[in-house]
Amino acid sequence: MSRPDAPARRLILASSSPRRVELLAQIGITPDQIDPADIDETPLKGEMPARLAQRLASSKAAVVAERHLNDVVLAADTVVAVGRRLLEKPADEAEARRFLKLLSGRNHRVFTGVAVVAQGRMTCRVVDTRVTFKHLSDAEIHAYVASGEWQGKAGGYGIQGRAAAFVQRIVGSHPAVMGLPLVETANLLYGTGWHPAA
């Protein structure tokens with residue numbers, strides 16, 4: 001049994017997202033365990049998008065860290081916003097269509113919060129990425145919604161799939177829009193003294 005003051009070595013991913021596992025694999029990181037956090041993700045009244053992303057990532061990390069006191073816990077959350085309006089995960093096809101029409105031909109922002117807990121200390125970063133969609137035709141919106149790719153995705157789209165054809169420009173972190181900013185995540189992890197096993 002490890003001592004409470006022993007260096008944390010195992011990496012726990014507080015997310016059930018296969019995309020985040022794939023993104024970590026791109027930089028040679030494989031979580032030792034996946035242990036999703038079950039928290040209420042409802043925005044607080046008047047909560048700004050960047051603050052929401054940070055709070056949700058931090059809350060997920062804190063909840064899971066309570067179950068893994070001697071490990072490193074990584075959590076993340078992605079929030080899509082048009083101005084101050086949050087675009088959460090669409091409840092149904094009609095809402096997905098509304099989101100895509102709102103995003104069509106304009107800029108929006110994707111805020112991804114990343115939190116790491118190691119040896120009782122939490123560090124957190126929020127990455128702000130600006131994304132510009134081309135003008136979408138009704139046919140393009142219909143086809144995308146029919147594909148089902150919008151399900152479970154903030155803003156109603158996944159940039160790693162068919163929606164890549166909608167994106168004219170990205171200013172910031174492409175992997176952050178997919179769910180995990182890799183530079184910032186690696187820096188937070190390595191800052192705790194944790195490194196992938198050789």
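Here are a few exercises on the structure above, each with a worked solution.

This is a predicted model, where local features need pLDDT of at least 70, side-chain atom pairs count only at pLDDT 80 or more, and totals for chains, interfaces and linings use all residues. Residues are numbered from 1 along each chain as its sequence is written, and side-chain values use heavy atoms, with hydrogens and water left out.

**Exercise 1. Find out what lines the largest pocket, and which element gives the most to that lining.**

Step 1. Let's get the term straight. On a 1 Å grid over the protein atoms alone, a pocket is an open set of points where a 1.4 Å probe fits, with protein on both sides within 12 Å along at least five of seven lines; lining residues have an atom within 4 Å of a point.

Step 2. Now the space: the largest pocket holds about 750 Å³. That volume is the space filled by probe spheres set on the grid points, which are joined across faces, edges and corners.

Step 3. Its lining has 34 residues, and Arg20, Lys89, Gly152, Lys153 and Ala154 lie nearest the centre. Two or more lining residues come from each of α1 (18-26), α2 (49-65), β3 (72-82) and α5 (174-178). Helices (H or I, at least four residues) and strands (E, at least two) are DSSP runs, numbered from the N terminus.

Step 4. β3 wins, giving the most with 5 residues.

Step 5. Sort the lining by type and you get 16 nonpolar, 9 polar and 9 charged. Here Ala, Val, Leu, Ile, Met, Phe, Trp, Tyr, Cys and Pro count as nonpolar, Asp, Glu, Lys and Arg as charged, and the others, Gly among them, as polar.

**Exercise 2. Work out which residues of helix α6 are buried and what they pack against.**

Step 1. Buried means under 20% relative accessible area, exposed over 50%, and partly exposed in between (1.4 Å probe, protein chains only).

Step 2. Go along α6, residues 182-191: Leu182, Glu184, Thr185, Ala186, Leu188 and Leu189 are buried.

Step 3. These buried residues pack against β1 (11-13), α1, β3, β5 (107-118), β6 (121-133) and α5.

Step 4. Zoom in on threonine 185, which sits in α6 and has a relative accessible area of 0%. Setting aside neighbours within four places in sequence, threonine 185 is in contact (heavy atoms within 4.5 Å) with Leu24, Leu74, Val114 and Leu180.

Step 5. Now try a distance: the C-alpha atoms of threonine 185 and alanine 75 are separated by 9.6 Å, though the two residues are 110 apart along the chain.

**Exercise 3. Track down the aromatic cluster and say where its members sit.**

Step 1. Rings of Phe, Tyr and Trp (its six-membered ring) pair if their centres lie within 6.5 Å; planes under 30 degrees apart count as stacked, over 60 as edge-to-face and the rest as tilted. By this rule there are 3 aromatic pairs.

Step 2. One of them is phenylalanine 133 with tyrosine 157, edge-to-face at 4.9 Å centre to centre and 65 degrees between the planes. Phenylalanine 133 is in strand β6 and tyrosine 157 in the loop between α4 (138-147) and β7 (167-171), 24 residues apart. Both are buried, phenylalanine 133 at 1% and tyrosine 157 at 5%.

Step 3. Tyrosine 144 and phenylalanine 166 make another edge-to-face pair, 5.5 Å centre to centre with 65 degrees between the planes. Tyrosine 144 lies in α4 and phenylalanine 166 in the loop between α4 and β7, so this pair ties together parts that are 22 residues apart in sequence.

Step 4. Put together, Phe133, Tyr144, Tyr157 and Phe166 form one aromatic cluster.

**Exercise 4. Look at the nonpolar cores and place leucine 86.**

Step 1. A nonpolar core is a set of buried Ala, Val, Leu, Ile, Met, Phe, Trp, Tyr and Cys residues joined through side-chain atoms within 4.5 Å.

Step 2. The largest one has 38 residues, and Leu74, Leu100, Phe133, Tyr157 and Leu189 have the most contacts inside it. β3 supplies the largest share, 5 residues.

Step 3. Apart from that core lies another, of 19 residues, including Ala14, Ala75, Val79 and Leu86.

Step 4. Leucine 86 belongs to strand β4 (residues 85-87) and is buried at 19%. Not counting residues up to four places away in sequence, leucine 86 touches Pro43, Pro49, Leu52, Val79, Val80 and Ala81.
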